[in-house]
Amino acid sequence: MKYTVNDFIGKRYGDLTVIDGRRISEYLYLKCICVCGNTVEVRRTNLTSGKTRNCGCKSKGFKHLIKDHSQVFKFDNISSNNSSGYVGVDFDKNAKKYRARITIMRKTFYLGHFDTPQQANNERKKILMILDWVVENLKNTIGGDSS
């Protein structure tokens, strides 16, 4: 069956709504608008199969993660072999000091070495407060209640 553009206009697939389209050779390409406001042209089979569900906004940045901090900042659990007693603080045997770390979007950042686990934990808390402030302001700037 040969589909036409009119068969799809107004239909929604994931975050994409079909607004127009065109046929190139045997393939139907549908112009869609994403919930973020971007437009994208998608091959019909990719759209209807679910292979393409958005314009790419959810993989290119972290705007969609702003709603839920837990997806941006990984709040580690204290592992059973943690001797410091603090999340994100461990003892670096080479430096013979405690180090603080934070994981953001699956990347671990080390915040420095400290003489006591309390100092390392305090530094980590300061950084978390700053990051929370940044995320809250991004929510307000971008509009955190939209996808």
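1. From the N terminus on, the protein chain runs β-β-β-β-α-α-α-β-β-β-β-α. That gives four helices and eight strands. The model is a predicted one.

2. An open sheet of four strands comes with the order 1-2-3-4, and its pairing is antiparallel. Strand 1 (12-13) and strand 4 (39-43) are the edges. Each has a single partner strand, so one side of each lacks a neighbour in the sheet.

3. Within this sheet, look at strand 2 (residues 16-24) and strand 3 (residues 27-34). Their pairing is antiparallel and covers eight bridges. For the register, T17 lies opposite I33 in strand 3.

4. Helix 4 spans residues 117-143 and holds W133. Is W133 buried or exposed? W133 has 58% relative accessibility, so W133 counts as exposed; the cut-off for exposed is over 50%.

5. W133 is also part of a nonpolar surface patch, together with I130 and V134. The accessible area of the three together is about 320 Å². Anyone viewing helix 4 can locate the patch from W133, which sits in residues 117-143.

6. On the chain as a whole, 147 residues are present, and buried residues make up 27% of them. The accessible surface comes to about 9,700 Å². Carbon and sulfur atoms account for 49% of that surface.

7. Contacts with a separation of 6 or more were also counted for the protein chain. Of these, 34% join residues 24 or more positions apart.

Terms used. Residues numbered from 1 in each chain as written. Predicted model: local features only at pLDDT ≥ 70, side-chain atom pairs only at ≥ 80, totals over all residues. Heavy atoms only, no water. Patch = residues over 30% accessible without salt bridge, like charges linked within 9 Å, V, L, I, M, F, W, Y side chains within 5 Å. Areas by Shrake-Rupley, 256 points an atom, 1.4 Å probe, with all protein chains shown as cover. Salt bridge = Lys/Arg side-chain N within 4 Å of Asp/Glu carboxyl O. Helix = DSSP H or I, 4+ residues; strand = E, 2+ residues; numbered from the N terminus. Buried < 20%, exposed > 50% of the residue type's maximum accessible area, 1.4 Å probe, protein only. Contact = heavy atoms within 4.5 Å. Pairing = 2+ DSSP bridges.
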